[in-house]
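Me: Could you take me through one part of this model, the place where protein meets DNA? I am new to this, so please explain the terms as you go.

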There are 4 protein chains.
Amino acid sequence: MSSAPAFKRLPRAVREQQMLDAAVKVFSRRGFHHASMDEIAEYAGISKPMVYAYLGTKEELFVACLHREGTRMMQAIAGAAAPDLPADVRLWRGLRAFFGFVGAHRDGWAVLYRQARGEQPFAGELATMRTRLVEVVAEMLDHALRAEGHEVGAVDLEVVAYALVGATESLADWLADRPEADPEKTATRMMNVAWLGAAQLLHGVTWRPPE
Amino acid sequence: MSSAPAFKRLPRAVREQQMLDAAVKVFSRRGFHHASMDEIAEYAGISKPMVYAYLGTKEELFVACLHREGTRMMQAIAGAAAPDLPADVRLWRGLRAFFGFVGAHRDGWAVLYRQARGEQPFAGELATMRTRLVEVVAEMLDHALRAEGHEVGAVDLEVVAYALVGATESLADWLADRPEADPEKTATRMMNVAWLGAAQLLHGVTWRPPE
Amino acid sequence: MSSAPAFKRLPRAVREQQMLDAAVKVFSRRGFHHASMDEIAEYAGISKPMVYAYLGTKEELFVACLHREGTRMMQAIAGAAAPDLPADVRLWRGLRAFFGFVGAHRDGWAVLYRQARGEQPFAGELATMRTRLVEVVAEMLDHALRAEGHEVGAVDLEVVAYALVGATESLADWLADRPEADPEKTATRMMNVAWLGAAQLLHGVTWRPPE
Amino acid sequence: MSSAPAFKRLPRAVREQQMLDAAVKVFSRRGFHHASMDEIAEYAGISKPMVYAYLGTKEELFVACLHREGTRMMQAIAGAAAPDLPADVRLWRGLRAFFGFVGAHRDGWAVLYRQARGEQPFAGELATMRTRLVEVVAEMLDHALRAEGHEVGAVDLEVVAYALVGATESLADWLADRPEADPEKTATRMMNVAWLGAAQLLHGVTWRPPE
DNA sequence: TATGAATGAGTATTCATTCAT
DNA sequence: CATGAATGAATACTCATTCAT
């Protein structure tokens with residue numbers, strides 16, 4: 001008698017998470033534009049006005065999804081790569097955590113992120129997220145380079161970090177599209193590309209355009 | 001009566017190019033979904049039914065744009081990287097051509113491509129395009145590796161090529177967003193990342209996950 | 001065979017008038033907010049997108065109605081009150097034309113106007129229309145006053161004109177709500193109030209329509 | 001524990017007045033349709049269900065506002081124009097009180113009234129209010145006419161009263177829209193129009209407020 | 001009494017797409 | 001070949017109103 005159907009009149013915080021869960025699912029499946037607020041609400045087992053009341057417009061909802069998933073991912077990475085480890089170990093653990101996360105949430109961050117890149121309204125949120133990633137990577141590289149006695153311009157560092165992040169994103173896509181692929185192996189491959197390249201840079205080896 | 005204005009009744013091929021020009025502009029500016037067929041037709045100075053008659057539905061039109069721009073880009077690269085050159089030179093020339101192209105057409109391929117990545121309907125076309133790129137890169141690497149006496153699994157090669165392509169795409173975005181940036185310098189940076197990494201691989205150096 | 005159903009594929013100008021007719025009817029019946037674009041379109045025998053294509057948003061449509069009806073009314077008045085007549089004759093003819101118009105279009109201008117007064121978005125259009133009326137009246141009064149050697153401040157004139165216009169509007173409402181009432185008689189009564197004033201009436205002075 | 005904040009659990013009558021205050025403010029600012037019950041409740045510092053419990057639906061709430069403000073206005077007028085004074089003095093005092101009231105509550109009665117005129121659901125309430133005004137005016141005129149030995153038909157009287165009320169409403173709007181305007185002056189102008197009529201004004205006759 | 005949670009129903013607006021001429 | 005006219009279908013968003021606690 002006292003345990004009435006537990007899914008009615010839930011507190012706001014709970015409902016918000018349910019809605020975000022549903023939204024992530026639907027946005028992932030359909031894409032931002034083909035996802036309808038109706039479907040999201042229905043999927044969340046709630047009526048549309050609640051979604052608007054709690055999470056705002058469709059764009060805001062998408063940003064909220066992106067934000068939550070992005071934060072989770074960053075936490076996964078941060079939890080894996082302690083800042084007092086050597087750069088290569090940090091990079092490896094970070095990559096492993098990243099690909100592990102992407103592999104474990106194949107309809108989460110990677111898909112939303114991919115979609116957001118095509119839409120101007122999300123440029124701001126995206127820039128923020130990518131900047132956080134790039135900063136982490138750049139800081140890692142910078143750290144290592146200084147330890148070896150090298151100095152690199154900020155722009156150079158940023159660009160290299162961008163390249164690494166891009167490569168990683170690309171492999172994340174590759175992984176997200178291949179359910180049978182192994183995240184750990186993918187991370188290893190990425191590490192090969194990233195680190196063997198970076199290691200050279202660390203030792204002062206630089207490629208120059210011919211002539 | 002008989003001397004009608006010279007810009008009417010153009011041959012079909014010319015008209016199509018005009019439409020594609022308009023479509024590329026509008027898709028770039030607004031994004032796929034926010035671009036309206038009305039605007040595209042108006043921008044092309046033609047009526048909407050003509051667009052449909054010549055180039056089909058909106059999706060087909062977008063694919064046509066993507067295709068044309070992609071082909072142009074591939075040609076620019078192919079024209080720069082002759083297959084009989086050494087791998088590093090080919091890679092460098094290819095990258096330089098690529099970034100030069102992206103820099104010169106800042107509202108062309110890179111933007112369309114970025115948008116297409118978020119939309120499922122274009123997955124096929126995209127896969128085709130990326131595959132062509134990946135194949136070129138993979139073939140380049142394979143060539144070089146065999147010359148050095150190494151053998152690499154197909155999947156590994158594909159993944160590394162993916163990573164390189166992803167890194168390159170990422171820097172293309174970086175470049176497309178920064179009008180003041182120099183394509184050639186960006187190409188050099190990318191080459192540093194790609195080649196110094198790849199070169200190690202060529203020499204059989206491989207990174208292994210610890211323990 | 002050649003006289004196909006005449007109400008298809010009509011030229012724009014015709015359709016626009018049909019739409020305006022329908023919109024005036026529906027807005028009058030339901031009021032601005034309770035009128036739905038659906039109903040207007042259906043009433044006009046056309047699909048909704050056409051309404052948007054030709055007349056714009058709901059607000060713009062309402063303004064267009066207001067404008068058309070207002071212009072018609074002003075023309076009716078202007079056609080009746082030639083500027084070279086004495087002020088009282090002009091006033092009388094103007095009033096008669098006005099009430100005649102309102103009486104003849106009981107779901108037209110007066111109703112729309114009444115509705116518009118309550119909604120802020122129409123303040124601009126309303127001000128314009130009322131200003132035109134007030135100007136006509138004020139000019140008439142000023143004309144007459146100067147002829148008598150008097151001079152009155154602009155504000156005073158404006159206020160008096162406002163009062164007259166207000167009184168007239170009020171009677172227009174009164175008339176619009178009473179199908180059985182006689183416009184001409186109403187005009188006469190208004191003329192009495194406006195021209196003679198209550199005090200005169202109290203003393204048994206009464207204005208009579210000429211001949 | 002027992003000394004709860006003193007502004008909770010107020011007696012019903014007080015709460016109702018608070019709500020009405022809030023509602024009048026919001027309705028005035030936004031207009032009937034654009035005002036939301038949410039905003040009203042928030043503005044009143046109370047939850048929505050309370051508003052419904054105390055004052056009923058949105059329409060009923062609006063009517064209640066209209067009613068309260070109208071009653072206040074009528075009291076202001078009635079308090080100023082004692083029935084044993086001569087007609088012109090009563091009219092003058094009534095007008096002065098009316099414009100004074102409108103000027104002092106620029107977001108009260110006049111605005112609500114203006115809005116109500118456009119909406120059919122309020123026709124009844126409006127008619128009642130206007131009728132009360134018209135009756136007062138008509139009675140005043142009738143009184144005076146009989147004193148002078150004249151007799152006028154009921155309809156004529158009603159129409160004249162309507163015209164006067166309409167003129168007054170119009171000037172009330174004029175005043176409500178012009179924060180810098182002086183209510184007393186406006187009343188004087190109205191009195192001139194009402195009492196003397198345009199013809200008198202043309203001949204230089206002017207009414208002056210007594211004393 | 002008082003409220004946070006919840007919703008049904010309605011509506012403006014847009015857009016790809018197709019006839020009829 | 002070329003176009004103005006026309007529409008079906010979809011969708012974001014709002015709001016008055018009511019339960020369950």
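Reply:
**The surface near DNA strand E**

Around DNA strand E there are 35 residues, and A:Arg9, A:Arg15, A:Pro49, B:Lys48 and C:Lys48 come nearest; a residue is near a strand if one of its heavy atoms lies within 4 Å of it. Of the atoms of DNA strand E that come within 4 Å of the protein, sugar and phosphate account for 58%.

A word on the model: it is predicted, local features need pLDDT of at least 70, side-chain atom pairs count only at pLDDT 80 or more, and totals for chains, interfaces and linings use all residues. Residues are numbered from 1 along each chain as its sequence is written, chains are lettered from A and ligands numbered from 1 in the order in which they are written, and side-chain values use heavy atoms, with hydrogens and water left out.

Now for some individual atoms. In the side chain of A:Arg9, an N or O atom is 2.3 Å from a base nitrogen of DNA strand E. Phosphate oxygens of the strand appear too: one is 3.2 Å from a polar backbone atom of A:Arg12, and one is 3.1 Å from a polar backbone atom of B:Ala35.

Which helices help to build this surface? At least two residues each come from helix H1 (12-30) of chain A and from helix H3 (48-55) of chains A, B, C and D. Helices here are DSSP runs (H or I, at least four residues), numbered from the N terminus.

By class, the surface has 16 nonpolar, 6 polar and 13 charged residues. Asp, Glu, Lys and Arg count as charged; Ala, Val, Leu, Ile, Met, Phe, Trp, Tyr, Cys and Pro as nonpolar; and the others, Gly among them, as polar.

Note on methods. Polar contact = N/O pair within 3.5 Å; in protein donor to acceptor, adjacent residues only side chain to side chain.
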